[in-house]
Structure formats: structure tokens, C-alpha cells
Protein chains: 2
Amino acid sequence: MNANAAKTAISPRREEDFPEWYQQVIRAAELAEPSDVRGCMVIRPWGYGIWENMQRQLDAMFRGTGHRNAYFPLFIPLSYFAKEAEHVEGFAKECAVVTHSRLEADADGKLRPGNPLTEPLVVRPTSETIIGASYAKWVQSYRDLPVLINQWANVVRWEMRPRLFLRTTEFLWQEGHTVHETEAEARAETKQMLDVYERFVRDHLAVPVFSGEKSESERFPGAVQTLSIEAMVQDRRAIQAGTSHFLGQNFARASGIQFQNREGKQEYGWTTSWGMSTRLVGTVVMAHGDDDGVVLPPRIAPTQIVILPITPKEQTRAAVLETCDKVAKQLREMRYVDLPIEVEGDRRDIGGGVKNWEWIKKGVPLRVEIGPRDLEKNSVEVSRRDRGIKTKESIPMEEFVRRAPEILTSIQKNLYDRATKFRDDHTRIIDSKKEFYDFFTPANSEKPEIHGGFALAHWNSSREVEEQIKSDLKVTIRVIPLDDSAEHGECIFTGKPSSRRVVWAKAY
Amino acid sequence: MNANAAKTAISPRREEDFPEWYQQVIRAAELAEPSDVRGCMVIRPWGYGIWENMQRQLDAMFRGTGHRNAYFPLFIPLSYFAKEAEHVEGFAKECAVVTHSRLEADADGKLRPGNPLTEPLVVRPTSETIIGASYAKWVQSYRDLPVLINQWANVVRWEMRPRLFLRTTEFLWQEGHTVHETEAEARAETKQMLDVYERFVRDHLAVPVFSGEKSESERFPGAVQTLSIEAMVQDRRAIQAGTSHFLGQNFARASGIQFQNREGKQEYGWTTSWGMSTRLVGTVVMAHGDDDGVVLPPRIAPTQIVILPITPKEQTRAAVLETCDKVAKQLREMRYVDLPIEVEGDRRDIGGGVKNWEWIKKGVPLRVEIGPRDLEKNSVEVSRRDRGIKTKESIPMEEFVRRAPEILTSIQKNLYDRATKFRDDHTRIIDSKKEFYDFFTPANSEKPEIHGGFALAHWNSSREVEEQIKSDLKVTIRVIPLDDSAEHGECIFTGKPSSRRVVWAKAY
């Protein structure tokens with residue numbers, strides 16, 4: 001550790017031990033904690049508040065593109081689940097299975113499962129098969145199409161190596177499931193939802209992404225095509241932040257989703273599915289957090305501004321508190337991106353320093369201190385979480401209230417710009433196998449914990465190459481870009497012709 | 001069936017067969033349907049939209065009373081669940097139990113549960129025990145209190161006789177869980193949340209309720225006191241619409257929620273829990289629906305106004321559609337109880353009559369027809385769902401837009417008044433055992449399907465009497481009112497002194 005480094009609120013620092021920093025920063029901000037149920041987490045109010053904001057904003061985008069929410073059963077009969085062969089193979093190893101419908105006491109009075117079920121039920125790891133069973137009933141004619149439905153739900157995938165938010169046995173997500181009349185429409189939907197995801201992550205989470213198609217080996221089990229957005233976080237790894245799947249007629253065939261087409265013939269529907277999860281909360285923490293804690297983009301912060309009264313003397317206390325309330329009230333009447341500004345006045349009697357650090361660790365975008373001297377000057381002391389934690393600015397009270405939305409916008413933009421610069425700084429065009437291996441080998445880095453990044457390199461679609469690279473370096477193809485900037489070249493591993501560079505990285 | 005009765009959209013009518021009417025009305029409105037998973041339902045977009053509005057509005061009331069949302073695991077280790085003896089006894093018979101964490105193929109390639117868990121997991125039927133485990137960690141000192149948290153979640157209680165919304169194996173709900181420093185504070189919280197529920201059901205669902213305490217035999221398993229609100233629906237049965245429990249120190253003791261009190265001593269916390277569920281959707285259907293379908297209170301309708309273009313001739317079609325869009329846009333800019341008015345323009349080419357009936361069955365508060373003749377007169381044809389389905393009123397276009405919020409308010413009030421009158425008409429003060437038995441005996445009613453109601457009768461707190469009445473008549477004590485209108489008298493069953501009348505009814 002650098003002896004000159006200032007003491008930070010979170011230990012270890014990011015460059016010392018990124019995975020441990022991540023655990024500590026989440027604990028310090030009270031976002032979530034592991035539960036005694038293996039792999040399941042408890043999402044605490046501050047973490048859940050972030051998720052609620054994400055939900056609300058994403059949900060509005062789904063509505064804006066014509067989708068409606070619905071809710072389907074948590075349990076999937078084993079026989080349904082088994083209908084799509086690749087699908088069941090992909091999920092079989094991580095399924096929680098309900099086998100009994102009551103508890104009963106044994107001879108010693110000890111509780112044990114009673115009343116075995118005729119057919120075991122799988123706790124949904126994803127809902128294509130159970131939703132498909134309903135769609136098969138609802139869809140009879142081309143007039144019933146498209147079906148555009150989204151579900152907000154919990155899902156369960158048994159996780160051997162859990163990590164808060166990024167990989168948990170139970171997680172919260174949304175899953176869109178649509179049925180279309182034609183392949184073209186379903187493909188357009190798949191792409192449209194990828195674009196929604198990209199825009200949401202960029203504009204709301206302040207995180208830039210690479211988007212594109214997954215290689216065959218990384219596809220959703222049962223999909224024809226999987227599109228994905230990939231964010232880079234501060235240890236330069238990729239996080240798959242959202243996926244959108246074109247399912248062809250595979251699941252329609254498995255579930256019997258058939259309709260009479262315009263020519264009067266029976267045809268299978270064309271389906272898609274797409275999802276984003278509480279993993280996004282972890283992505284935000286890893287993308288923007290610093291050595292003093294979480295740093296939240298204003299658009300998803302549960303509280304955008306916290307007001308901290310400074311009350312050193314009893315005789316000025318009432319006046320300070322009154323002013324704090326007044327400023328809070330004025331701020332709440334302002335609008336930030338069409339939303340009311342969420343303001344919290346923290347009146348707890350636990351000492352100003354303790355309080356200030358709590359809010360730094362929680363990542364509130366703006367901290368506003370108001371004390372007796374500020375009252376005299378009719379000003380407030382403003383600290384932006386995206387700047388050094390000791391940087392404060394004294395701003396006339398009225399001016400601050402007026403400018404608050406603009407300052408929040410500036411923080412949002414600054415976080416995005418910083419994340420974009422970071423990503424660009426650690427994205428490298430690579431044209432040789434040696435350079436590729438060097439780039440992804442920790443020993444070649446000054447700080448072994450943090451090395452590599454995104455490599456843009458030619459690849460000739462060989463699955464063997466993919467497997468070799470994965471086994472050698474734990475590096476995978478994150479996406480094959482969809483855009484038109486196709487650039488012909490040679491695969492750096494095989495020398496064979498390649499039509500475009502793909503994005504490689506280590507990933508969570 | 002009365003040969004003179006007009007044909008209705010729903011068959012049977014309410015008075016013919018209320019339970020079957022309920023199934024049919026839900027199907028016709030596309031609110032929900034049974035799934036192939038026994039006891040689980042699929043909540044379709046129109047039904048889920050109602051639930052989303054309930055959630056949003058109730059959630060704001062929880063925030064307003066200082067609560068924050070969080071999320072706890074779906075699975076409860078068997079050992080946690082067993083900690084509170086009454087609790088486990090109350091729920092053991094309806095627990096779904098996860099016993100395996102993967103699927104594997106047997107010799108025939110048939111899938112079966114693989115990898116048995118060391119400790120079985122119960123799918124939460126309610127979360128006192130799993131949330132208690134977290135609270136035990138979070139609460140150390142009186143300074144950490146109160147803990148005021150709510151969770152929106154799915155829960156599972158194995159159901160042998162399911163009924164859509166009212167009784168399903170999986171249902172959606174909110175569960176508040178709080179910890180307090182003193183008994184008085186916890187009791188005040190229990191009562192406060194009952195009041196929130198009562199206000200919500202009255203002002204948002206337009207349903208009046210009786211509120212009060214449950215008798216010992218109807219208490220939540222493990223609670224010291226259970227408060228409840230009880231609505232009357234149109235077959236004169238009661239529906240328990242929400243409950244709020246004072247748990248004393250029972251669950252704190254079971255989970256180890258201890259804190260250092262102001263005197264420096266270790267003490268167990270005082271906890272409460274309270275919940276409302278998707279059962280409310282069924283309550284609204286049964287309370288307000290008529291023989292033509294669902295009738296929705298405007299405050300929770302997913303769409304408050306539907307605009308139906310009448311386009312008999314091709315040459316006026318464009319002008320009609322344009323006007324419909326203009327009116328829709330103007331309406332969306334209006335506010336109804338601080339919310340934007342949700343307006344849907346139904347342009348589907350399926351015939352005006354079919355469309356109109358669809359929206360009647362779905363219960364949209366206002367239907368607005370606009371055709372070529374309305375354009376000439378610059379007016380619209382307005383149908384209120386709370387009036388006879390053939391009653392239409394022609395209103396000048398601008399006036400309608402201006403008055404829309406007021407009309408919606410009037411519909412909301414009318415539904416409440418109607419439900420209140422119905423309840424009052426079927427609530428009877430009863431002072432003899434014979435009258436009580438007559439009141440609840442179908443054979444004494446002209447329409448056997450619909451008889452009885454709420455009986456207000458004296459009772460001397462005898463559990464034997466309760467059991468006898470339940471066994472004879474399937475009638476239970478719904479609540480023991482809390483208010484001050486205590487009236488001394490004699491138990492109509494035993495002749496012993498009684499300090500107040502209690503509310504008796506058949507219930508869902």
C-alpha cells in the first residue's frame with residue numbers, strides 16, 4: 001500500500017483488492033448483505049431504493065414501446081420445463097426443486113417435508129416455458145399478435161459461487177416475452193429492446209456499453225440469437241448488463257403457440273425474451289464507486305440531496321433547523337428530469353462527521369451543510385459526490401435551490417464521461433496473438449488485480465479458438481458488434497479471414 | 001331465470017350463482033386465469049394493471065408513514081421457520097418445500113430432482129422468521145429503533161380449494177415488518193397500519209369496511225393481537241381485506257432481536273407485521289361488479305377513459321380518428337386526484353359493438369364514443385360504467401374534457417355510496433339466537449345463493465360458542481370492534497354478560 005495515500009473510508013482500496021473492495025463498499029453503504037440461505041441476499045432499503053428507481057424508469061420505457069405487465073406462476077411443472085431440450089440442459093444444474101407440499105413432524109417431533117407431490121415443480125429460473133403455456137391458449141389468430149408482455153419477478157438459479165447482486169441464487173429481474181407474426185417482426189423487437197437497454201444503462205446508470213450479438217457458445221439455452229450489452233467496470237472486467245433473445249420458433253414449437261396466419265394456415269409464432277436484473281445495482285457500484293464508497297448517478301439515487309444541519313450551539317440550533325427545512329421544501333418543489341427531487345434532512349443527533357461519512361459511503365450525489373455561519377451569509381456549503389470528498393463550494397442559498405437540477409445533471413454527465421474515458425482508455429485494438437495474451441496476463445500488469453480490459457480483435461468464428469482462449473486466459477467473446485463498421489481482416493489466432501473485430505474480455 | 005330479465009353480458013347473473021358469476025366475470029374481463037400449476041393463477045395485463053395501481057397508491061401511504069421497502073429471501077431454512085411454535089403449527093400444512101438443487105436424468109433419460117439439500121427450504125408463506133434473522137443483526141441499541149420496513153413479494157401457501165385472487169397457492173402481497181422500543185409504540189404502529197388499510201380500501205377501492213380485532217381463534221399464528229378490516233361483497237359474505245398484527249415479543253424472542261435499552265439493559269424488541277394482497281382485486285370485483293362485468297373504481301382502473309371512434313363511412317373516417325386523438329391528448333393533460341388520466345383510444349377494426357362490450361366487461365369507468373354526427377355537433381357520447389349500460393349522455397366536447405376529473409370523482413363516490421348502502425342494508429342488529437340462526441340459514445332466503453350478511457350480536461368471548469356457530473352455520477366472528485361504542489348486553493348464545501357486539505358473517 002502506498003504510504004502517502006490518504007486514508008479512505010473503504011479498505012481495501014480498489015487497486016489493492018477489487019473483489020474485497022466491492023464487498024466492503026456494499027456493506028458500508030448498507031445496500032445488501034448475504035443471508036443464511038446459501039447464495040441468497042437481503043437487499044436493504046438503500047439498495048432496494050436504487051432498484052425501485054431502475055424499475056420505475058425502465059418500466060416507463062417498456063410502456064412507451066407498447067408492453068404491458070403481467071404475472072405468471074413461480075412454479076413450473078417439470079414436464080413443461082423439459083419441453084425445450086437445449087433449454088432444460090442449460091438450466092438443469094441450477095434448478096431449485098419443490099417436491100413436497102407440507103411439513104410434518106417425525107417420531108422425535110422434528111419437522112420434515114411431508115406429502116410428496118405427484119410431479120415435482122421447478123422454481124422458475126426464467127419463464128419461457130410457463131409463459132408459453134399461457135400464450136398457447138391466448139394466441140389463435142394473427143389478429144391476436146403481437147403479444148407484448150413483461151413480468152417483474154424473482155427467479156432462482158442455484159449459485160455455487162455467489163457474489164452480492166452480480167450472482168445470487170435468487171435475484172429480481174424483469175423478463176419480457178413477446179410473440180410475433182413474422183420472423184422479421186420478432187427480430188426487430190429483439191433489437192428494439194436491446195436498444196432500450198443500451199439507452200437505459202447509458203442515460204440512467206451513466207454507463208457506456210458495447211452492444212452486439214453473443215457467439216453461439218454464449219447464447220441463451222434454446223435461443224436462435226442472443227443480443228447483449230456489456231459494461232466495463234473498474235477492474236476492467238465486463239459485466240453482461242442485459243440480454244435480448246430472438247427465440248425463432250423453438251419455444252413456440254415446444255409450447256404449442258400456433259396461430260392461423262393471413263393465408264388461413266396454422267403457423268408457429270415467433271417469440272423473443274429479454275431481461276435485466278438486480279445485477280445492474282452491482283454494475284453501478286463497480287462502475288462508479290471510489291475508495292470512499294458508492295457513487296450514485298443522480299437519476300437512480302434514492303435520495304439526490306441530503307441536508308446536514310450543523311448545530312454547534314444551542315442558541316442557533318432552532319434557526320439552523322428551520323432553514324434546513326425551508327431549503328428542503330424548496331428543493332422538493334424543483335424538478336430534475338421530470339421527477340421531483342428526493343431530499344432528506346438528516347437531523348439525527350450522532351455528530352456531523354459521522355453523518356457526513358455515512359452519506360459519502362452511501363453515494364448521495366449532493367451533500368448540503370447548513371450551519372450558523374451559512375445563515376449569516378445566506379449561503380450553503382455544497383459537496384458533490386463526484387468530486388474529491390474534501391471539495392466544498394459555498395453557494396448563495398437561493399442560487400443553489402435554483403441551480404440544483406442543473407448540478408445534478410452535471411454530476412450525471414460527469415459520471416458518464418468518466419466511465420466512458422475509463423472504458424476507452426482500457427479498450428485496445430489488438431492485431432496479434434502475443435499482444436492479446438500479454439494484454440490479459442496479470443503478471444504483465446503493474447497492479448495485478450487490475451489489468452486487461454476490452455480487446456477488439458479479429459476472430460474467424462471458430463468455436464475451438466473460443467474454448468482455447470477461455471481455458472488459457474478466462475477471456476470470452478463478450479459481443480460481436482452489430483453495427484455497419486465491419487472491417488475485414490485476419491483472425492489473430494488462426495490467420496483465417498475474418499469479417500469483423502469482436503469484443504473480448506474477462507467477465508463477471 | 002326471470003324471463004323478463006334483459007340479457008346480460010355475464011351468465012349466470014349474480015343472483016343465480018354468485019361463485020360461478022365471479023369466475024365468468026374474471027374470465028370475461030381477462031383479469032386472470034387458472035394455470036396448470038395447481039392453485040396458481042396467471043394474472044393477465046388488465047388484472048395486473050389494477051394491482052399495480054393498488055401497489056403504487058398503497059406504497060405512497062407506507063412512505064408517508066415513514067416506511068421503506070426492502071427485499072428478503074424467498075427461501076426460509078426449515079430450522080428458522082420452526083423457531084416460533086404456534087407459527088410453524090399454523091403454516092406447516094400449507095408449505096411448499098424445496099428439497100433439491102438440480103435436475104438430473106435417470107437411466108431412461110427422464111428428468112428427476114438431483115442433489116438433495118442438507119436442510120430443506122420452505123418457500124415463504126410469510127416472512128417473519130427470515131426477516132427476523134436480519135433484524136437480529138441490525139438491531140443492537142434503542143438508537144437503531146424503530147425499524148420500519150415493507151416488502152412487496154410473492155408468497156406460497158398450498159391451497160386445496162383455490163379461487164382466483166381470493167385464495168391461490170401463490171399470491172402477491174406486501175408485508176410490513178417493524179421493530180419498536182416499547183409495547184405501546186408497537187401497538188400504535190399496529191393500529192396505524194390498520195387505519196392506513198381502512199383508508200386505502202375506502203378511498204381507493206370505494207369499499208367500506210368494519211375494522212377491529214380478531215378473536216383468539218382467528219389470530220395470526222404467533223401473534224398477540226390481530227387487527228383486521230372486513231368488507232362485505234355482493235353475496236353478503238365477508239372478505240378479510242387486510243390484517244395488522246401486534247406480535248408482542250414472541251417473534252423477537254424466536255429470532256433473537258434484542259437491543260440495549262435506555263437503561264443499558266438487554267431487552268427483546270416489540271414487533272408488528274401487516275399485509276394486503278392480490279385478494280383485494282377479487283374483493284373489488286365482488287364488491288362492485290354487475291351482471292355485465294367488472295365495474296372498476298376510477299382510482300385503480302388501469303384505463304379510466306376509453307375512446308371509441310365510430311367510423312361508418314370511409315369519407316369521414318380520418319376526421320373522426322383525428323378528433324379522437326385530439327380529445328385523448330387533451331384528457332391526458334388533465335389531472336384526476338393528482339394523477340394523469342389514463343386514456344386509451346381503441347382503433348381496432350373489430351366492430352363498434354364488440355369493442356363496446358369488451359370495455360363494459362372490463363369495467364372501464366368512462367366510455368366515450370365519437371362519430372361523424374358528434375363531429376357535426378362538436379360533442380361526444382359518454383357512458384358511465386356505474387350507470388345502466390344503455391345510458392348515454394351527449395356532452396359538448398370541450399365541456400367533457402374540462403369536466404372529466406369531476407365525472408370520475410362522481411363515479412368513485414357513487415360506487416362507494418352504493419357499496420355502503422348495500423352493506424348497511426345487509427347488516428343487522430340481532431338480539432336472539434333464533435334470529436341469528438334464521439339470518440344465516442339459506443332456506444330462509446328467497447334467493448338461497450344470496451342471504452345473510454353481517455350480524456351485530458353480543459357474545460361473551462366463549463370459544464366454544466364460536467366453534468359451535470362455525471360448525472352449525474359456517475359463520476365466524478369477523479371482528480370485535482375497537483371503537484368506544486361499547487354497549488353492554490347479554491351474549492345471545494349463553495345469556496352471559498357481554499361488553500360489546502361483535503361482527504359475525506360467512507366469509508371467503
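Two strands pair if DSSP finds at least two bridges between them. With that criterion in mind, the tour of this predicted model may begin where the two chains meet.

Select strand β5 (residues 97–105) in chain A and strand β5 (residues 97–105) in chain B. The two strands run antiparallel and are joined by three bridges. For one point of reference, pick A:Val98, whose bridge partner in β5(B) is B:Val98.

Next, widen the selection to the whole contact between the chains, to which chain A gives 48 residues and chain B gives 48 residues. On the side of chain A that touches chain B, strand β5 (residues 97–105) of chain A supplies the largest share, eight residues. Colouring this side of chain A by residue class shows 32 nonpolar, seven polar and nine charged residues.

Now colour chain A by its domain assignment: domain 1 covers 18–288, domain 2 covers 305–407 and domain 3 covers 427–505. The centres of domain 2 of chain A and domain 3 of chain A, taken over C-alpha atoms, are 48 Å apart.

The last stop is A:Glu344, in strand β18 (residues 343–345) of chain A. Is A:Glu344 buried or partly exposed? A:Glu344 counts as partly exposed because 15 other C-beta atoms lie within 10 Å. Beyond the neighbours within four places in sequence, A:Glu344 is in contact with A:Thr303 and A:Val306. Finally, draw a distance from A:Glu344 to A:Gln225: the two residues are 119 residues apart along the chain, and their C-alpha atoms are separated by 45 Å.

Key. Residues numbered from 1 in each chain as written. Chains lettered and ligands numbered in written order. Predicted model: local features only at pLDDT ≥ 70, side-chain atom pairs only at ≥ 80, totals over all residues. Contact = placed C-beta atoms within 7 Å. Helix = DSSP H or I, 4+ residues; strand = E, 2+ residues; numbered from the N terminus. Nonpolar A, V, L, I, M, F, W, Y, C, P; charged D, E, K, R; others polar. Buried ≥ 20, exposed ≤ 12 C-beta atoms within 10 Å, placed from the backbone. Domains from an automatic or database assignment.
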